[in-house]
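User: I'm new to this structure and would like a close look at a single part of it, along with whatever sits around that part. Could you walk me through it in one go?

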Amino acid sequence: MCGIVGFTGPQQAAPVLLEGLKRLEYRGYDSAGIAVESGGKIRTEKCSGYLENLVKMTDGGKAIPGNCGIGHTRWATHGAPTVTNAHPHISNDGHFAVVHNGIIENYAQLREELTAKGFIFYSETDTEVVVHLLDMYYTGDLKRAVMKTVARLEGSYALGVLCDEKPGELIAVKNASPLILGVGAGENFFASDVTALIGHTRTVIYLEDGEFASLTPDKITVYDPAGREISKPLSQVMWNTEAAEKGGYEHFMLKEIMEQPRALKATIEPRVKNGEIVLEGFQFGSDQLKEINQIVITACGSAYHAGYVGRYIMEELCRIPTRAELASELRYSKPIIDERTLLIVISQSGETADTIAALKECKSLGARTLAIVNVVGSTVAKLADSVLYTWAGPEIAVATTKGYTTQIAVLELLAVYIARQLGRLEDKRYKQLVRGICALPERCQRAIDLNRRVEKLAGKHYKKTSLFYIGRNLDYAVAMEASLKLKEISYAHSEAYAAGELKHGTIALIDENQLVVALACYNALFDKLVSNVKEVKARGAQVLALARESQRRIFAEADQVLLVPETDELLMPIPEIVPLQLFAYYVAKAKGCDIDKPKNLAKSVTVE
């Protein structure tokens, strides 16, 4: 997720901006830049890669004089991580500079309109339309130009605006992206995160969606969407810097679990227009899809588990034979793949070595390839024929949470889209599924809210040295990821089994010291899962069950219960995994483990 800072005051702006961006590095980024106004002119400096490059270019900010400026660290969404695509973006006449966090959903239409009016675009970003709109609407009244510009934008955005004709003034705009104002003595700030502010002030103003503000060294004026001046309360930040970076959470993993509703919204909302799924990065039309006779999903780790979920959904809706394969196995298996195969490659980083090798092998055999990745311009994204980005934002914790759930969200969108293109979904079912997908952010938040007792449950079981997760169908697919989460961060031995396989060997390991986590959310096989619960309880095991809110029968069968909100059967894996992520987190916390950086693990496995 991008980082934004703004400063106006008596001291040199550039060093303050660089310091603020440094404090936002934990959010992840691939380029950086600053713009400073001085003497009626705006000067910008930008770089790709690490912020340290920008610090060296500007001699720590000393080489760019001026007391008012904006800064940005970019996590690429529209366009590769290049200097040209880096923020701030400048208007053609040099009068305006803009930084932006979020996604402008209607940028393509705006870009076409502005190009027709003679504006020249240099970047691939959605942000550049903002600076040209400001330039088009500006007639000396900056506030009015901002209001007219914002009225044209669809999507999420936090904006910082600098105008060379308004020395010492900044404009900050918020809509569905974080933006905070910092109140100082003879100096004022804005930032996307309180982390960037607390080195200078702990007094802040929280903007609501649709509000915008004018900042000068001596005054902050906040306006409602209609442009009326409004009064906002001052708040005091009590966090230290380390806590602020984590948003007040003790660990990045917990923060990222809690961010999942917002991440899912960023993944889903831009792809549903007027009740229809629109996949702009998917290049295969209905005629090409009709030629596909098998779908192969390949990935590693949690991405493979997301693919395993996708396998069930894809096969049920599209009625195309689908299998999920570990990339490390697929690359060496002499796979039966040809030009009638759709290969779906999943990777958060897009740099996973085994996944890249499997993609290359299958492409050489003629497969049509689609990448589901989080990082724009990554190797997997470049190699694939089509790309669908998850837009989850960066993950700091090694154990993925929002990366996994957003990958599933893209797979669900894709499955419904393909089934529709092939004529295998009735209108009623299609609309039902689209509504269900759009409701997933709220369902995910509900899953968090329902399970406030999970820390207490984890406290009862954290000393267990071995656990089993069981489930059927989609529940089994989710159990695989839940088990991995626990072993990754708590170092407890944990295995996931298809519940129907218990009697084929696994039940020999069940005794009175065993904890079995039973996933019972797949309604079609609920009764069979209950039979499996009875089997392990008869052998002395304790059972922690996960079930829908409406399935009250489970309370009579299990020792403890976690609940999941009612959701369409095929869409259940996203809210279902959330309490199990929390369970793993709190078990690891009770054991005193290094949760964000588990031993022996790396965020991206770039070697075989």
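Analyst: First, a bit of vocabulary: helices are DSSP runs of H or I with at least four residues, strands are runs of E with at least two, and the numbering starts from the N terminus. Also keep in mind that this is a predicted model.

Let's pick strand β4, which covers residues 68-74. Is it covered or open? Mostly covered: seven of its seven residues are buried, and buried here means under 20% relative accessible area. You can sort the residues of β4 by the way they point. Cys68, Ile70, His72 and Arg74 go one way, while Gly69, Gly71 and Thr73 go the other, and all of them are buried.

Now for the neighbours. Strands of a sheet pair through backbone hydrogen bonds, either parallel or antiparallel. β4 pairs with β1 (residues 3-8) in the antiparallel sense, over six bridges; in one of these pairs, Gly3 is matched with Thr73 of β4. β2 (residues 31-38) also runs antiparallel to β4, joined to it by seven bridges, and there Ala35 has Ile70 of β4 as its bridge partner.

Zoom out a little and you'll find an open sheet of eight strands, in the order β3-β2-β4-β1-β10-β9-β11-β15, with antiparallel pairing. At the edges stand β3 (41-48) and β15 (235-236); each has a single partner strand, so one side of each is left without a neighbour in the sheet. Further along from β4, β1 is joined to β10 (residues 188-191) by four bridges, again antiparallel, and Thr8 finds its bridge partner in Asn188 of β10.

There's a helix to add to the picture too. α1 (residues 13-23) lies across β1, β2, β4 and β10, running at about 155° to β2.

For contrast, have a look at two other spots. Helix α18 (residues 474-490) has 17 residues, which should span 24 Å at 1.5 Å a residue, and that agrees because its end C-alpha atoms are 24 Å apart. α18 is mostly covered, with 16 of its 17 residues buried, and it is followed by Tyr491, whose phi is positive, near 65°.

The other spot is Ser91, in the loop between β5 (89-90) and β6 (96-104). Ser91 is buried, with a relative accessible area of 4%. Leaving aside residues up to four places away in sequence, Ser91 touches Phe96, Val131, His132 and Asp135. A polar atom of the Ser91 side chain also lies 3.1 Å from the backbone nitrogen of His95.

Notes
Residues numbered from 1 in each chain as written. Predicted model: local features only at pLDDT ≥ 70, side-chain atom pairs only at ≥ 80, totals over all residues. Heavy atoms only, no water. Buried < 20%, exposed > 50% of the residue type's maximum accessible area, 1.4 Å probe, protein only. Contact = heavy atoms within 4.5 Å. Polar contact = N/O pair within 3.5 Å; in protein donor to acceptor, adjacent residues only side chain to side chain. Pairing = 2+ DSSP bridges. Expected span 1.5 Å × (residues − 1). Axes fitted to C-alpha atoms, helices over the stretch in contact; angles between N-to-C directions.
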